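Visitor: I am new to reading protein models and should be grateful for some guidance. How does one begin?

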Amino acid sequence: MPTTVGEFRADGETPLTMLTAYDAPTAAACERAGVDAILVGDSMGNAMLGYDSTLPVTVDEVASRTGAVARATDEPLVIADMPFLSFGVDEAESLHNAGKMLKEAGAHAVKLESGSHTVELTERLAELGIPVMAHLGLTPQKVNQLGYARQGTSREAASEIADLAVAHEDAGAFALVLEHVPANLAARITDDLSIPTIGIGAGKNCDGQVLVANDVLGLGERIPPFATSFGDLRGEMENAISDYVDAVEDEEFPADEHSHVESDLDDLY
Ligand code: KIV
Ligand code: NA
């Protein structure tokens, strides 16, 4: 049976789990660990591509890495993040770019950083068979307006987010990411909606949680205050690489068992 977005539902007991992945081995590890959904986030800009924001990330970069994640997994829902300006400028171009994530890369769904400008687009995409995960609160593609500050902290801003959440559910979004908003606002929105809410820096009363893989793995240099590391991959990578360098420099690698001698070639030179 194919994976469908309709199965991405909290059972009322166990929260849904989502994690980013940008490559096949990380995606395979997510699947083995029982992650419900993998987000091929435009956070790859900071996490993997060396940029200091998500703005430079392209459709081709997300599509290429979505392909790697989709090829490496069967069970988890694979969601491709739509990069900055790949949607919202022109409807036909938005539909074409989102369609590419399903047609060419093998995603099950796309995620759009949402606002009043994405309500109609969400409806149109859903109509065409492209499921949409909405994203409200802190939307890092607006870094030049919002920075990375917590959102929805005033009554007015909070009710604007709550209204947009309902508008996106009504437009056919199958889930909603809430990023860096007060926990009581996220709880309220989770109550209001029937689609699942997935929180990041939004407290425990969402239907699920998402984090960036680099933060979970301990691969990044800095992690946001709302994340935590469950490993030290950066330390492990540095150790393995420096052991390799030492072994080559000390002429311990390659050893005899890593090479072979062809006796026929003994008198070649
Ligand atoms: O790009 C990303 O990783 C995201 C999540 C943080 C929700 O958008
Ligand atoms: Na993103």
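The conversation below moves from the whole chain to single residues.

Guide: Please keep in mind that this is a predicted model. A sensible beginning is the overall inventory: the chain has 10 helices and 8 strands. Its C-alpha trace spans about 80 × 40 × 35 Å along the principal axes.

Visitor: What percentage of the 269 residues of the chain count as buried?

Guide: A residue counts as buried if 20 or more other C-beta atoms lie within 10 Å of its own C-beta atom. By that criterion, 42% of the 269 residues are buried. One may also ask how contacts are distributed along the sequence. Among contacts in the chain with a separation of 6 or more, 58% join residues 24 or more positions apart.

Visitor: How do the strands run in the closed barrel?

Guide: To read a barrel, one follows the order of its strands. Here 8 strands form a closed barrel in the order β1-β2-β3-β4-β5-β6-β7-β8, and the pairing is parallel. From one strand to the next the twist averages 25 degrees.

Visitor: Which residues stand opposite each other in paired strands?

Guide: Two examples will serve. Strand β1, residues 16-20, pairs with β2 in the parallel sense over 3 bridges, and Leu19 stands opposite Ile38 in β2. Likewise, β4 and β5 pair in the parallel sense over 4 bridges, with Lys111 opposite Met133 in β5.

Visitor: Are the faces of β5 covered or uncovered?

Guide: The general idea comes before the case. In a regular strand the side chains alternate between the two faces of the sheet. Strand β5 covers residues 132-137, and 6 of its 6 residues are buried. On one side these are Val132, Ala134 and Leu136, and on the other Met133, His135 and Gly137, so both faces of β5 are covered.

Visitor: Which residues does UniProt list under "binding site"?

Guide: An annotation from a record should be reported as such. In an unreviewed entry, UniProt lists Asp42, Ser43, Asp81 and Lys111 for "binding site". These residues are spread over 70 residues of sequence but cluster in space, with a largest C-alpha distance of 12.3 Å. The unreviewed entry also lists Asp42, Asp81 and Glu113 for "binding site". That set spans 72 residues in sequence, yet no two of its C-alpha atoms are more than 10.4 Å apart, so the residues gather at one spot.

Visitor: Where is Asp42 found, and which residues does Asp42 touch?

Guide: One looks first at the element and then at the surroundings. Asp42 is found in the loop between β2 (37-40) and α2 (44-47). Because 29 other C-beta atoms lie within 10 Å, Asp42 is buried. Apart from residues up to four places away in sequence, Asp42 touches Thr54, Val57, Val62, Asp81 and Pro83.

Visitor: Where are Asp81 and Lys111 found?

Guide: The same approach applies. Asp81 is found in strand β3, residues 77-81, and counts as buried because it has 27 C-beta neighbours inside 10 Å. Setting aside neighbours within four places in sequence, Asp81 is in contact with Leu39, Val40, Gly41, Asp42, Val62 and Lys111. Lys111 lies in strand β4, residues 109-113. Lys111 is buried, because 28 other C-beta atoms lie within 10 Å. Beyond residues up to four places away in sequence, the residues that Lys111 touches include Asp81, Met133 and His135.

Visitor: At which residue does UniProt place the feature "active site"?

Guide: The unreviewed UniProt entry places this feature at Glu179. Glu179 is found in strand β6, residues 175-179, and counts as buried because there are 23 C-beta neighbours inside 10 Å. Leaving aside neighbours within four places in sequence, the contacts of Glu179 are His135, Gly137, Leu138, Ile200, Gly201 and Ala202.

Visitor: Which residues are around ligand 1?

Guide: One lists the surrounding residues and then sorts them by character. Around ligand 1 are Thr20, Leu39, Gly41, Asp42, Ser43, Asp81, Val177, Glu179, Ile200, Val210 and Val212. This shell divides into 5 nonpolar, 3 polar and 3 charged residues.

Visitor: Which residues discussed earlier appear in that list?

Guide: Among them are Asp42, Asp81 and Glu179, each of which is around ligand 1.

Notes. Residues numbered from 1 in each chain as written. Chains lettered and ligands numbered in written order. UniProt positions renumbered as here; feature names shortened; annotations may be inferred. Helix = DSSP H or I, 4+ residues; strand = E, 2+ residues; numbered from the N terminus. Buried ≥ 20, exposed ≤ 12 C-beta atoms within 10 Å, placed from the backbone. Contact = placed C-beta atoms within 7 Å. Pairing = 2+ DSSP bridges. Axes fitted to C-alpha atoms, helices over the stretch in contact; angles between N-to-C directions. Near = placed C-beta within 6 Å. Nonpolar A, V, L, I, M, F, W, Y, C, P; charged D, E, K, R; others polar.
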